[in-house]
Amino acid sequence: MKEHTMHNSAVEPNVQHLIEIQNIGKDYQSGETTVEAIKQMDFFIDDGEFVSIMGQSGSGKSTMLSILGGLNHPTRGRVLLDSLDIYKLTSEQRADLRSEYIGVIFQSFQLIPYLTVLENVKLPMAITGKKAKEQDKMARDVLARVGLKNKADRLPDQLSGGEQERVAIARAIVNKPPILLADEPTGNLDSKTAAEIMELLKELNREGQTIIMVTHNPEACKHTKRTIEVKDGSCYVN
Amino acid sequence: MKLHNISFNNLKRRKGKMIFLVLGLFIGIATIVTLMSITESMTHDIEDRLDQYGANIVMVPRSDNLNLSYGGITMGGVNYQTVEFAEERIPEIRAIEYSKNLGLVAPKVLGAATVKDKDVLLMGVDFETELQLKNWWHFDGTTPTAPNELLLGSQTAATFNLTVGDTLNISGENFTVASILKPTGTSEDGIIIGDLHAFQKILDKEGKISMVEIQAFCRDCPISELVLQIGEKFPEAKVTGLRQAMMSKMQTVEMFKTFSYGIAVLVIFIGSLLVFVTMMGSVNERTREIGIFRAIGFRRGHVMQIILLEAMVVGLVGGLLGYLGGSGIAWAALPLVLKSGAFAGLNYSLGGVSLLLAVALSLIASLYPAQKASRLDPSEALRAL
């Protein structure tokens, strides 16, 4: 294991990565003291990769994921997405970017409780101007893809944890975003269901989906092609 | 799926929440509407009562003589007017432009007569009109109605030693004392009141009227305008508005109005606060949800659209129910508050104002927390769980 600082566009000027993390740092203010959630991280992710970011809780891995997803402004450094510095954009432009480029599977699913499974999946399309018919077809297709064809009209609380996770995945991929971020996708699931979900993610990756997954579970990392280990706010690439 | 689907589904599937919010608005708006309706009816009632309280315009023939009396003491003997109005012209009073503001018109004839060797003032009136106008008169005996019945002032009755049922001869005509006025402290104590036409005959003033007392309802008209209009019809008359009576009348009503508006402002303030806190709490609870929307790529404007549309629907429903409920409560409560008070009917402008108020309140109350939540970094909003 060596400290990863070498993947820098300045060093490899001819390689175009999908995502580049350059000198990222994030501080939180806790009363009078400043807590460094992320000291410094540099890494890249290429198109079509399935990468896990692994670390203990409090290591800064979830913070890293939210920075990657354009959800959390870093204190220092740059996030380049197709060479575009996403934190140079306004927050509304970043919202548009999330809508087009990034699908997020949240920890503990984060489904909207008053919308049915189908409506939850359609949610990202509510702001795209797609016709109702097209939305319906896309949502039903993706629900069939995650194996929930027959539960489209249920409310989230009528589903098991694994099923809710599948809805969350369906919602994250319905707009066909180039990047899929997953925050502890198996954290709340039993081992059998967790394995099924991992299989689903691997399948998606085989179809060309770039996936970045945050986890504290070394087992889950075995499924991914590459692991970035996060410790005390710094990262190491295996 | 459009943004409004999200709003409507939230309202539809979280009925408890929706009912709670509508209830908050309902209580606020209903209280305001009830209070406003009741005070409005009470103001009307007070105005009506005050309007019925005596005459406020007096019409007498114009005369060059100065009045020699002050405070009930007359110097230099009684000055009997020799000028009079013709009785058939009296209905012309009702031909003025503001005739709808006229209430009772009470013409009377005045004149002196000698009864049992004493000079006494006779006043001929139309009993029915006069007794309605002088509704503060109290008397012993029966209400005089027949042309040969009399109503005596208390002093007159004492002077002539007369009681109810006695007969009195005035200028050769026999009259029955139907009733005796209780002391009023005014000139009415010393006169004899009888039927207009009977007294016109005795006084040899047939078809003549000495003065007219007029009752005007002046809720929305200046009394001076009425006085002018009557004066134009009767150039030979001196028309006087009893400004003092009017002023105190208006002051009473104004005081009551100010008081009720004061209370209304207080209730609106408390009601608004209630709505505000309820809406604000409801949006604050949704911080996490707003975080999800933002993380999925919703713009701030999209989030605001969802929340404000919900607030508008809640405002409309709460406002409408509050208005109907408040009007219903006012309708039920008015007979308890006012003996003679009747519900004035649905006040549509109050309805419009309550709807606007409810919608505005729930929008304003949602705007601040919605804006606050949509400004949060989505990751922080998600952590707010």
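Reader: In this predicted model, where in chain B is B:Gly172 found?
Author: The model is a predicted one, and in it B:Gly172 belongs to neither of the strands that flank it, β9 (167-170) and β10 (173-181) of chain B. The place of B:Gly172 is the loop between β9 and β10 of chain B.

Reader: Does B:Gly172 count as buried or exposed, and why?
Author: A residue is exposed if 12 or fewer other C-beta atoms lie within 10 Å of its own. B:Gly172 has 6 C-beta neighbours inside 10 Å, and therefore it counts as exposed.

Reader: What separates the C-alpha atoms of B:Gly172 and B:Val115?
Author: Along the chain, B:Gly172 and B:Val115 are 57 residues apart. In space, the separation of their C-alpha atoms is 9.9 Å.

Reader: Which elements of chain B each supply at least two residues of the side that touches chain A?
Author: The contact draws on both chains, with 23 residues from chain A and 22 residues from chain B. On the side of chain B that touches chain A, the residues divide into 9 nonpolar, 8 charged and 5 polar. The elements of chain B that each supply at least two of these residues are α1 (3-13), α8 (287-296), α9 (300-337) and α11 (378-383).

Reader: How many Å apart are the end C-alpha atoms of helix α6 (residues 191-206) of chain A, and what should the helix span?
Author: Helix α6 of chain A has 16 residues, and at 1.5 Å a residue these should span 22 Å. The expected span agrees with the model, in which the end C-alpha atoms of α6(A) are apart by 22 Å.

Reader: Why do the buried residues of α6(A) line one face of the helix, and within what arc do they fall?
Author: The buried residues of α6(A) are A:Ala194, A:Ile197, A:Met198, A:Leu201 and A:Asn205. An α-helix has 3.6 residues a turn, so residues three or four places apart point the same way. On the other side of α6(A), A:Lys192, A:Glu199, A:Glu203 and A:Arg206 are exposed. Seen down the axis of α6(A), the buried residues line one face because they fall within an arc of 100°.

Reader: Which residue in the hairpin of β10(A) and β11(A) takes a positive phi?
Author: Strands β10 (residues 226-231) and β11 (residues 234-237) of chain A pair in the antiparallel sense over 4 bridges, and A:Ile228 stands opposite A:Val237 in β11(A). The hairpin has 2 residues between the strands, and the residue with a positive phi, near 45°, is A:Asp232.

Terms used: Residues are numbered from 1 along each chain as its sequence is written. Chains are lettered from A and ligands numbered from 1 in the order in which they are written. This is a predicted model: local features need pLDDT of at least 70, side-chain atom pairs count only at pLDDT 80 or more; totals for chains, interfaces and linings use all residues. Two residues are in contact if their C-beta atoms, placed from the backbone, lie within 7 Å. Ala, Val, Leu, Ile, Met, Phe, Trp, Tyr, Cys and Pro count as nonpolar, Asp, Glu, Lys and Arg as charged, and the others, Gly among them, as polar. Two strands pair if DSSP finds at least two bridges between them. The expected span of a helix is 1.5 Å times one less than its number of residues. A residue is buried if 20 or more other C-beta atoms lie within 10 Å of its own, exposed if 12 or fewer, and partly exposed in between; C-beta atoms are placed from the backbone. The arc is that of the directions from the helix axis to the C-beta atoms.
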